[in-house]
Amino acid sequence: MRAVAIGCWLTCLILASPAIAQEKARTLPADHDYAKLRPGPHRDLAQTQCQFCHSTDYIVMQPRGDAKQWDAVVTKMIKVFGAPLSEADAKAITEYLATTYGPPR
Amino acid sequence: MDELKTKFPAAKVVAVNQCSGNSRGRFSPRVLGGQWGDGAMGNAEWVGARMRDILTRAGVRQGGLQVTFDGLDKPAFPTVPDFVKSLDVSRIMDDPDVIVAYQMNGQPLPMLNGYPARLVVPGWYATYWVKNLSEIEVIDHVFEKFWMKPGYRIPDAPCGCVEPGTAPARTVPITRMTVRSFIAVPAPGARVAVGQPVPLKGIAFDGGYGISEVQTSTDGGTSWRRTQLGADLGRYSFREWSAVWTPPAPNSYRLMVRAFNGIGESQGTQPLWNPAGYLRNVIEQVDVQAV
């Protein structure tokens, strides 16, 4: 059932390719100012934990939302993507997001 | 890679690669996700081996239902699902334009475009165009790992939409792109001269039936006129359009564009909505000032 031959054929060829075998160090540009998290309670915790997987771009660009929205986002990061957050940290990050990126008043 | 280039005839296709969530930032009510403007798309000439030739060479046994595609990329964290996509065997065997591309615009694929080889699924959203392709597998069931389910799903309705702000009862994988057209010139807010011809230009594309007609309106959608179509680079490509408009009086004007494809599909005056922010194809408009 499995097209093993093809899978291995492509994998092996690509891994054996000299362009891939040659490792090159690359310095990535710093995040632009736009992506900087705004000051707020537990900002540093949010910065550290969220950046394990994604740029803070993905936080600052989202629609403003209340605690319900941000709790759903943090819960998704834990349950769907396996973010290793303690219950206390999850609560603190939700609080940061809901107060700093809450609905426009 | 050499075998991919030498054991299979090279196939060429010009095709638009567009993110499922292109223009998501324009959804109202707004939705979570990458807040794209309209720039999450590109058009290029792709050259590679036909996926159906590869399957034929490998041999698909009785009961082979779907094919999965995995790339060399790995998730940022081990618990994040690996990016793997699937297509029906029939989708591949019926369409000679589904290719494993190793060239883009006559050059080897750049790293960010999927070097050394990527899947190209003309007419379908970019989520299927797996980069740095490293593993192809034929399976006897419907693949339902994360990036096929619950990821990249649309409401199970002909419009792929639901009442704004509501959740769909059932979803299906996103597949074919909707019809879109854009005004590239003039720019929003441009000042144009009364009584002088103003060139209108832009592009249109769809999910593979080809653009048959593009129309513009200079009166906010009350009346529409046919535009001139540019070179036909194939049914999956951007199609340029152009028109000339002479503003009759000093005023602000709302310019609009809509396209029709080979099966009569077009664009609506009201945006369709779904919770993931996919399939956007409302009629685009540009406001200009004639002085």
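**Entry 1: charges over rings**

I started with B:Arg91, which lies over the face of B:Trp124 at 4.3 Å from the ring centre. This is a predicted model, so I keep that in mind for every entry here. I then looked up B:Lys85 and found its charged end over the ring of B:Tyr128, 4.7 Å from the centre of that ring.

**Entry 2: the nonpolar cores**

Next I asked which residues touch the most other members of the largest nonpolar core. They are B:Leu4, B:Trp46, B:Met51, B:Phe69 and B:Leu87, in a core of 41 residues. Strand 5 of chain B, residues 99-104, gives this core its largest share, with five residues. I also noted a second, separate core of 19 residues, with B:Ala190, B:Ile211, B:Val257 and B:Ala290 among them. As a general reminder to myself, nonpolar side chains tend to be buried together in soluble globular proteins.

I picked B:Phe69 for a look at its surroundings, leaving aside neighbours within four places in sequence. Its contacts include B:Met51, B:Phe83, B:Val84, B:Leu87, B:Ile92, B:Leu119 and B:Val130. B:Lys85 and B:Glu135 are also in contact with B:Phe69. So B:Lys85 turns up twice in my notes: in contact with B:Phe69, and with its charged end over the ring of B:Tyr128.

**Entry 3: aromatic pairs**

I searched the whole structure for aromatic pairs and got twelve over all chains. In one of them, the ring centres of A:Tyr96 and A:Tyr101 are 6.1 Å apart and the planes stand at 75 degrees, so I logged the pair as edge-to-face. Are these two tyrosines buried or exposed? A:Tyr96 counts as buried, at 0% relative accessibility, and A:Tyr101 is buried as well, at 1% relative accessible area.

I also followed a cluster linked by ring pairs: A:Phe81, B:Phe83, B:Phe146, B:Trp147, B:Tyr152 and B:Tyr278. One of its members, B:Phe83, is also in contact with B:Phe69.

**Entry 4: strand 1 of chain B**

Here I looked at strand 1 of chain B, residues 10-18. Seven of its nine residues are buried, so the strand is largely enclosed by the rest of the structure. Which way do strand 1 and strand 2 of chain B run relative to each other? They run antiparallel, joined by nine bridges, with strand 2 covering residues 41-50. For a single bridge to find on screen, I noted B:Ala15 with its partner B:Ala44 in strand 2.

**Entry 5: salt bridges**

My count of salt bridges over all chains is 14. In chain A, I looked up A:Arg43 with A:Asp44, whose closest N and O atoms are 3.0 Å apart. A:Arg43 is partly exposed at 22% relative accessible area, while A:Asp44 is exposed at 54%.

In chain B, I checked B:Arg235 with B:Asp97, at 3.6 Å between the closest N and O atoms. This pair links distant parts of the chain, 138 residues apart: B:Arg235 is in the loop between strands 16 and 17, and B:Asp97 is in the loop between helix 3 and strand 5. B:Arg235 counts as partly exposed at 43%. B:Asp97 has a relative accessible area of 19%, and the cut-off for buried is under 20%, so B:Asp97 is buried.

Last, I noted B:Lys149 and B:Glu144, whose side chains meet in a salt bridge at 3.9 Å, N to O. B:Lys149 is partly exposed at 39%, and B:Glu144 is partly exposed at 45%. I also found B:Arg26, B:Asp38, B:Arg180 and B:Glu284 joined into one network by salt bridges that share partners.

Notes: Residues numbered from 1 in each chain as written. Chains lettered and ligands numbered in written order. Predicted model: local features only at pLDDT ≥ 70, side-chain atom pairs only at ≥ 80, totals over all residues. Heavy atoms only, no water. Core = buried A, V, L, I, M, F, W, Y, C linked by side-chain atoms within 4.5 Å. Buried < 20%, exposed > 50% of the residue type's maximum accessible area, 1.4 Å probe, protein only. Helix = DSSP H or I, 4+ residues; strand = E, 2+ residues; numbered from the N terminus. Contact = heavy atoms within 4.5 Å. Phe/Tyr/Trp six-rings, centres within 6.5 Å; stacked < 30°, edge-to-face > 60°. Lys NZ or Arg CZ within 6 Å of the ring centre and 35° of its normal. Pairing = 2+ DSSP bridges. Salt bridge = Lys/Arg side-chain N within 4 Å of Asp/Glu carboxyl O.
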